[in-house]
Amino acid sequence: MKKILFLSLFLCLVNITETIAQTKSKSKTSISIQTGYNRGLGIMASFSIHHLAEGLPGNLRLSIGLNSLDPGNGLEARRIFINNNTNGTLEKKGKSIDFRADYMFPANILNLKNSYWVFGPRYSNFKANFKFVGGNENFDVTTQQWGIGIGLDNYFKINAKWDISFALGVDYFFDNTLTGHDTSYTPNGDNINPRNNNQNNNSPFTYLDADKAINQPQLMPRIMVGLLHKL
């Protein structure tokens with residue numbers, strides 16, 4: 001399912017770039033794909049517009065990424081979002097789909113000819129899944145977050161149409177509501193159906209408890225490599 005979703009999104013990007021190319025715009029365009037570490041295994045497809053306007057240096061890049069992440073502590077997630085049971089064998093997985101826009105400003109780093117500082121907004125859709133085999137529990141914890149990111153990209157020419165790309169960066173995502181089963185925890189404390197902590201005088205769990213148990217995107221370092229194709 002992940003591969004089908006990503007392929008569909010990537011084909012949409014290709015279709016958009018072909019349409020723009022057919023308009024014979026003065027701005028040059030490119031598509032690229034990168035993979036590597038993004039607090040887990042990540043893959044990202046991008047569409048870029050180069051030389052946005054006369055006298056305005058830099059490029060605009062729009063990207064879609066899919067990342068496989070450690071979802072967090074399954075036993076604690078079960079206590080915080082469902083109940084205090086511990087039976088069953090835990091299986092867990094996590095993923096995020098992120099959307100990003102970057103302004104790419106030319107940089108002069110180590111005399112590299114094609115380097116850019118990149119920065120811009122981010123949006124992440126995260127889902128953690130916890131399954132207790134034999135324990136009759138299979139539930140998701142989800143959140144949607146806005147964020148910001150910065151980084152440094154370098155491109156090395158292969159020929160007139162292709163470049164190799166290397167990217168270093170970090171993204172930061174802001175706290176937002178964590179929802180699982182029929183329970184939600186929010187940063188402002190406006191929780192819905194919070195569970196009670198039987199290890200703390202049955203006081204209700206808080207957002208800080210949920211945040212500690214769930215590894216949703218927060219600080220996300222990136223090291224990626226890929227290919228860029230000029231249209």
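**View 1. Asn202 sits in the loop between β10 and β11 (203-204).** Welcome to the first close-up of this predicted model. Is Asn202 buried or exposed, or somewhere in between? Its relative accessibility is 48%, so Asn202 counts as partly exposed, since that class covers values from 20% to 50%. Look at the backbone here too: phi of Asn202 is positive, about 60°, although this residue is not a glycine.

**View 2. Asn193 belongs to the loop between β9 (183-185) and β10 (196-197).** What is the sign of phi at Asn193? The angle is positive, about 50°, and Asn193 is not a glycine. With a relative accessible area of 36%, Asn193 is partly exposed.

**View 3. Strand β4 (residues 89-107) pairs with strand β3 (residues 59-69).** The two strands run antiparallel, and eleven bridges join them. To find your way, pick out Leu60, whose bridge partner in β4 is Tyr103. Strand β4 is also joined to strand β5 (residues 115-133). How many bridges hold that second pairing? There are 17, and β4 and β5 run antiparallel. A handy landmark is Phe105, which stands opposite Trp117 in β5.

**View 4. Gly94 is a buried residue of strand β4.** Its relative accessibility is 5%, under the 20% cut-off, so Gly94 counts as buried. Which residues surround Gly94, once its neighbours within four places in sequence are set aside? Gly94 is in contact with Asn67, Ser68, Leu69, Pro71, Lys127 and Ala128. Now find Gln216: 122 residues separate Gly94 from Gln216 in sequence, while their C-alpha atoms are 8.7 Å apart in space.

**View 5. Asn38, in strand β1 (residues 28-38), shares a polar contact with Asn67.** The side chains of Asn38 and Asn67 are joined at 2.9 Å. Is Asn38 buried or exposed? Asn38 counts as buried because its relative accessibility is 2%. Setting aside the neighbours of Asn38 within four places in sequence, its contacts are Asn67, Leu69, Asp98, Arg100, Met220, Pro221 and Arg222. Keep an eye on Arg100 and Arg222 from that list, as each of them returns in the views below.

**View 6. Asp171 and Arg100 meet through their side chains in a salt bridge.** Side chains of opposite charge can pair when their charged atoms come close. Here the N to O distance between Arg100 and Asp171 is 2.9 Å. This pair links distant parts of the chain: Asp171 is in strand β7 (residues 162-173) and Arg100 is in strand β4, 71 residues away. Asp171 has a relative accessible area of 1% and so is buried. Arg100 counts as buried too, because its relative accessibility is 4%.

**View 7. Arg222 forms a salt bridge with Asp171.** The side chains of these two residues meet at 3.7 Å, N to O. Arg222 lies in strand β12 and Asp171 in strand β7, so the salt bridge ties together parts of the chain that are 51 residues apart in sequence. Is Arg222 buried or exposed? Its relative accessibility is 3%, so Arg222 counts as buried.

**View 8. Lys230 and Asp163 meet in a salt bridge.** The N to O distance between their side chains is 3.5 Å. The pair links distant parts of the chain, with Lys230 in strand β12 (residues 219-230), Asp163 in strand β7, and their positions 67 residues apart in sequence. Compare how the two partners are placed. Lys230 counts as partly exposed because its relative accessibility is 26%, whereas Asp163, with a relative accessible area of 3%, is buried.

**View 9. A network of salt bridges links eight residues you can pick out by name: Arg61, Asp98, Arg100, Asp102, Arg122, Asp153, Asp171 and Arg222.** How many salt bridges does a search of the whole structure find? The search finds eleven. Try locating Asp171 within the network, and then trace its salt bridges to Arg100 and to Arg222. Asp98, Arg100 and Arg222 are part of the network, and these three residues are also among the contacts of Asn38.

Notes:
Residues numbered from 1 in each chain as written. Predicted model: local features only at pLDDT ≥ 70, side-chain atom pairs only at ≥ 80, totals over all residues. Heavy atoms only, no water. Helix = DSSP H or I, 4+ residues; strand = E, 2+ residues; numbered from the N terminus. Buried < 20%, exposed > 50% of the residue type's maximum accessible area, 1.4 Å probe, protein only. Polar contact = N/O pair within 3.5 Å; in protein donor to acceptor, adjacent residues only side chain to side chain. Contact = heavy atoms within 4.5 Å. Pairing = 2+ DSSP bridges. Salt bridge = Lys/Arg side-chain N within 4 Å of Asp/Glu carboxyl O.
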